[in-house]
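User: Could you take a close look at one part of this model for me? I would like to understand how the strands are arranged, and what the helices and aromatic rings beside them in the sequence are doing.

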Amino acid sequence: MTSDSRKNTDAGPLGFASHDHGACVTDALHAADTRCADEGLRFTPVRRKVLEILLQEHRALGAYAILDGLRDAGFGSQPPVAYRALDFLVQHGFAHKIERLNAFIACTQPSHTHAPVFMICRLCDTVAETQSAPGRGALSDAARATGFQIERTVVEAEGVCPSCADKPAP
């Protein structure tokens, strides 16, 4: 997303930073509508609603939480409905699967190809997405040394987010 409400260059990864969340959701849905129209992708009402559900929080959501949201919105509540929509969103870069949580999160930068890094708070499950520098680092060096061509990496770091770190211990 290129809207100012989605930019987060100074405050750190979106998800841990304060921002106008209403504008964040609205801008992301508008950008997805526009991109799908421009690229001839079928952005069905169910796919749009799943993206909206993912955008509502900066936590990864499992398929059954998404199904609950779909049911509450009057859509089907069978698992294939959610999984087909999630497959579309991940395939086209509107969402990512968080492997550690077996859950999904809306992409903060769906307008371009990137190598995301996810920071997952072990206390509140908030997930922040930031970028790594593809083609750099120990993994890339090891791959080059063996002639291996990396096509996709998923980097997930677990720790404590700033909000949880600032809370007094129980």
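Analyst: Happy to help; here is a walk through the sheet, then the hairpin, the aromatic rings and a helix pair. Please keep in mind that this is a predicted model.

Let's begin with the sheet. Three strands make up an open sheet in the order S4-S3-S5, and their pairing is mixed. The edge positions belong to S4 (127–131) and S5 (155–159); each has a single partner strand, so one side of each lacks a neighbour in the sheet. Direction ignored, neighbouring strands here are turned by 25° against each other on average. Looking at one pairing in detail, S3 (residues 116–121) and S5 are parallel and share five bridges. If you want a landmark for this pairing, try Met119, which stands opposite Ala157 in S5. As general background, strands of a sheet pair through backbone hydrogen bonds, in either a parallel or an antiparallel sense.

An antiparallel case is found in the hairpin. Strand S1 (residues 95–98) and strand S2 (residues 103–106) run antiparallel and are joined by four bridges. Here a useful landmark is His96, whose bridge partner in S2 is Ile105. Four residues lie between the two strands of this hairpin, and Asn102 adopts a positive phi near 50°.

Now to the aromatic rings. Searching the whole structure gives two aromatic pairs. Phe88 and Phe94 make a stacked pair, with 6.4 Å from centre to centre and 20° between the planes. The stacked label follows because planes under 30 degrees apart count as such. Both Phe88 and Phe94 are buried. Together with Phe43, these two residues form one aromatic cluster.

Finally, the helix pair. Helix H3 (residues 63–72) and helix H4 (residues 79–91) have axes that come within 9 Å and cross at roughly 105°. The two helices are therefore roughly perpendicular to each other. On the H3 side, the contact is made by Ala63, Tyr64, Ile66, Leu67 and Leu70, while H4 contributes Pro79, Val81, Ala82, Tyr83 and Leu86. Sorted by class, this contact of H3 with H4 has ten nonpolar residues, with no polar and no charged ones.

Notes
Residues are numbered from 1 along each chain as its sequence is written. This is a predicted model: local features need pLDDT of at least 70, side-chain atom pairs count only at pLDDT 80 or more; totals for chains, interfaces and linings use all residues. Side-chain values use heavy atoms; hydrogens and water are left out. Axes are lines fitted to C-alpha atoms, for helices over the stretch in contact, and angles run from 0 to 180 degrees between N-to-C directions. Angles under 35 degrees count as roughly parallel, over 145 as roughly antiparallel, 65 to 115 as roughly perpendicular and the rest as oblique. Contact means heavy atoms within 4.5 Å. Ala, Val, Leu, Ile, Met, Phe, Trp, Tyr, Cys and Pro count as nonpolar, Asp, Glu, Lys and Arg as charged, and the others, Gly among them, as polar. Two strands pair if DSSP finds at least two bridges between them. Rings of Phe, Tyr and Trp (its six-membered ring) pair if their centres lie within 6.5 Å; planes under 30 degrees apart count as stacked, over 60 as edge-to-face and the rest as tilted. Buried means under 20% relative accessible area, exposed over 50%, partly exposed in between (1.4 Å probe, protein chains only).
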